[in-house]
Amino acid sequence: MQYALGHSSRRTKLISASANKGSCKAGGWMNKKETLCEAIAINEERLKLAPDYEIYHSISRQLNYLLTIIDGKEKDKSKLDKIILGHFAVREFEELDPELSQILKKCQNIAFDLELES
């Protein structure tokens, strides 16, 4: 499946609002939470285009799990070794959706880091 990869006005507004609040770090680097929130926003766009595509639902669950750990709402880190965002990034999206692929790889690295911290 191939989807339009253009930036939606909603996503652009979210990014602009975030930048205006000073949440973006200098030099364009994002922290873990910002990266996860960006990935969630990108995935939500794709999910709207293909609501029956189960991979997007799986990505959403995994990203939200990581976010709850980062936010301190989830203490159980036992599922971190089950995160397969990197697998989806390479196998499903690298060619067709490089934007999603790149951010999913970053999120997989966040999962690896969190696993090492536990």
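**Exercise 1. The ring cluster**

Task: In this predicted model, which residues do ring pairs link into a cluster?

Solution.
- Start with the count. A search of the whole structure finds two aromatic pairs.
- Take the pair of Tyr-53 and Tyr-56. Their ring centres are 4.9 Å apart, with 75° between the planes. Planes over 60 degrees apart count as edge-to-face, and this pair is edge-to-face.
- Move on to Tyr-56 and Phe-93. The centres lie 5.6 Å apart and the planes stand at 10°, so this pair is stacked. The cut-off for stacking is under 30 degrees.
- Place the stacked pair on the chain. Tyr-56 sits in helix 3 and Phe-93 in helix 4 (residues 85-93). The two are 37 residues apart, and the pair links distant parts of the chain.
- Join the pairs. The cluster consists of Tyr-53, Tyr-56 and Phe-93.

**Exercise 2. Burial of the cluster**

Task: Is Tyr-53 buried or exposed? Treat Tyr-56 and Phe-93 likewise.

Solution.
- Apply the cut-off. Buried means under 20% relative accessible area.
- Tyr-53 has 18% relative accessibility, so it counts as buried.
- Tyr-56 has 0% and counts as buried.
- Phe-93 has a relative accessible area of 4%, so it is buried too.
- Set this against the chain. Of its 118 residues, 37% are buried.

**Exercise 3. The overall fold**

Task: How many helices and strands does the protein chain have?

Solution.
- The secondary structure comes to five helices and zero strands.
- Along the sequence, the pattern reads α-α-α-α-α.
- Now look at contact range. Consider contacts with a separation of 6 or more. Residues 24 or more positions apart account for 61% of these.

**Exercise 4. Helix 2 against helix 3**

Task: How do helix 2 and helix 3 pack, and at what angle?

Solution.
- Two values describe a packed pair of helices: the angle between the axes and the distance between them.
- For helix 2 and helix 3, the angle is about 160° and the axes are 10 Å apart.
- Angles over 145 degrees count as roughly antiparallel, so helix 2 is roughly antiparallel to helix 3.
- The crossing of helix 2 and helix 3 is left-handed.
- Find the contact. Helix 2 contributes residues including Leu-36, Cys-37, Ile-40 and Asn-43. Helix 3 contributes residues including Tyr-56, Ile-59, Leu-63 and Leu-67.

**Exercise 5. Two residues at that contact**

Task: Which residues is Asn-43 in contact with, leaving aside its neighbours within four places in sequence? Do the same for Leu-67.

Solution.
- Asn-43 lies in helix 2 (residues 32-49). Its relative accessible area is 1%, so it is buried.
- Beyond those neighbours, Asn-43 is in contact with Tyr-56, Ile-59, Ser-60, Leu-63 and Leu-100.
- Leu-67 lies in helix 3 (residues 54-70). It is buried, at a relative accessible area of 13%.
- Beyond its neighbours within four places, Leu-67 is in contact with Lys-33, Leu-36, Cys-37 and Ile-40.
- Check one distance. Leu-67 and Thr-35 are 32 residues apart in sequence, and their C-alpha atoms are 9.7 Å apart.

**Exercise 6. Helix 5 and its partners**

Task: What is the reach of helix 5, from its first C-alpha to its last? At what angles do helix 3 and helix 4 cross helix 5?

Solution.
- Helix 5 (residues 98-117) has 20 residues and reaches 29 Å. That is close to the 28 Å expected at 1.5 Å a residue.
- Its buried residues include Leu-100, Leu-104, Cys-107, Ile-110, Ala-111 and Leu-114.
- Begin with helix 3. The axes of helix 3 and helix 5 come within 11 Å and cross at roughly 40°. The two helices are therefore oblique to each other, and their crossing is left-handed.
- Helix 3 brings Tyr-56, Ile-59, Leu-63, Leu-66, Ile-69 and Ile-70 to the contact. Helix 5 brings Leu-100, Leu-104, Cys-107, Ile-110, Ala-111 and Leu-114.
- Turn to helix 4. The axes of helix 4 and helix 5 come within 7 Å and cross at roughly 160°. That makes helix 4 roughly antiparallel to helix 5. Helix 4 passes helix 5 in a left-handed crossing.
- Among the helix 4 residues at this contact are Phe-88, Ala-89 and Phe-93. They belong to a set that meets helix 5 residues including Pro-98, Leu-100 and Leu-104.

Conventions. Residues are numbered from 1 along each chain as its sequence is written. This is a predicted model: local features need pLDDT of at least 70, side-chain atom pairs count only at pLDDT 80 or more; totals for chains, interfaces and linings use all residues. Side-chain values use heavy atoms; hydrogens and water are left out. Buried means under 20% relative accessible area, exposed over 50%, partly exposed in between (1.4 Å probe, protein chains only). Contact means heavy atoms within 4.5 Å. The expected span of a helix is 1.5 Å times one less than its number of residues. Rings of Phe, Tyr and Trp (its six-membered ring) pair if their centres lie within 6.5 Å; planes under 30 degrees apart count as stacked, over 60 as edge-to-face and the rest as tilted. Axes are lines fitted to C-alpha atoms, for helices over the stretch in contact, and angles run from 0 to 180 degrees between N-to-C directions. Angles under 35 degrees count as roughly parallel, over 145 as roughly antiparallel, 65 to 115 as roughly perpendicular and the rest as oblique. A crossing is left-handed if the near helix is turned anticlockwise from the far one by less than a right angle, and right-handed if clockwise.
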